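Colleague: Could you walk me through a pocket and a surface patch in this one? I have a few questions ready.

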Amino acid sequence: MDAGGLPVFQNANPAQHQINNQIHTLQQQQINQQLQHQLVQQHQQQSDVLPPKRQAVVDRLKRRIENYRRRQSDSVPRFNQTFNSVCEQQNLETSVLQKKFLESKAKKAAKKTDKKQPDNTLAGNLQSSVHV
């Protein structure tokens, strides 16, 4: 599990990433709801105590914080979607590069064996001619 309490899969595929992101988003939403509930309770307790001038400042701050929360909750799914597509693209590019590397390695090995075979026949011919 990671620090956020999400399960971490080794070599996770995109579906597992989406599940992780959905769980994480749900956890964040639950936490936000709990915080909002606590803020409402605090607001109710403080509204009796604060003078009107300070109450206006507190209300403005609460609206501002709420706007930030809303923006964050709207942008997190877009971020997760973009992140998943970037991960998929990088995985595809990595697999293509790996295939190219293995192909070039196989070609080099094939060229070396091709070069060694004629050398072996020449060496065999030289040895047989020396013995004659």
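Colleague: How do the residues lining the second largest pocket divide into nonpolar, polar and charged?

Modeller: Happy to help, and bear in mind that this is a predicted model. The lining includes Pro77, Glu88 and residues such as Gln18, Asn21 and Thr25. Pro counts as nonpolar and Glu as charged. The division is one nonpolar, eight polar and one charged.

Colleague: Which element gives the largest share of that lining?

Modeller: Two elements give two or more residues to the lining of the second largest pocket, α1 (14-47) and α2 (52-131). Six residues make up the largest share, and they come from α2.

Colleague: What is the volume of the second largest pocket?

Modeller: Asn80, Gln81, Asn84 and Ser85 are among the residues that line this pocket. Its volume is about 200 Å³.

Colleague: Now the surface: is Val57 buried, partly exposed or exposed?

Modeller: Val57 sits in helix α2, and together with Leu61 and Ile65 it makes a nonpolar surface patch of about 230 Å². Buried means under 20% relative accessible area and exposed means over 50%. Val57 has 37% relative accessibility, so it counts as partly exposed.

How values were computed: Residues are numbered from 1 along each chain as its sequence is written. This is a predicted model: local features need pLDDT of at least 70, side-chain atom pairs count only at pLDDT 80 or more; totals for chains, interfaces and linings use all residues. Side-chain values use heavy atoms; hydrogens and water are left out. On a 1 Å grid over the protein atoms alone, a cavity is a set of points where a 1.4 Å probe fits but cannot get out, and a pocket is an open set with protein on both sides within 12 Å along at least five of seven lines; lining residues have an atom within 4 Å of a point. Grid points are joined across faces, edges and corners, and a volume is the space filled by probe spheres set on the points. Helices (H or I, at least four residues) and strands (E, at least two) are DSSP runs, numbered from the N terminus. Patches are made of residues with over 30% relative accessible area and no salt bridge: like charges are joined within 9 Å, nonpolar side chains (Val, Leu, Ile, Met, Phe, Trp, Tyr) within 5 Å. Accessible areas come from the Shrake-Rupley method with a 1.4 Å probe; for residues, only the protein chains shown count as cover. A salt bridge is a side-chain nitrogen of Lys or Arg within 4 Å of a carboxyl oxygen of Asp or Glu. Buried means under 20% relative accessible area, exposed over 50%, partly exposed in between (1.4 Å probe, protein chains only).
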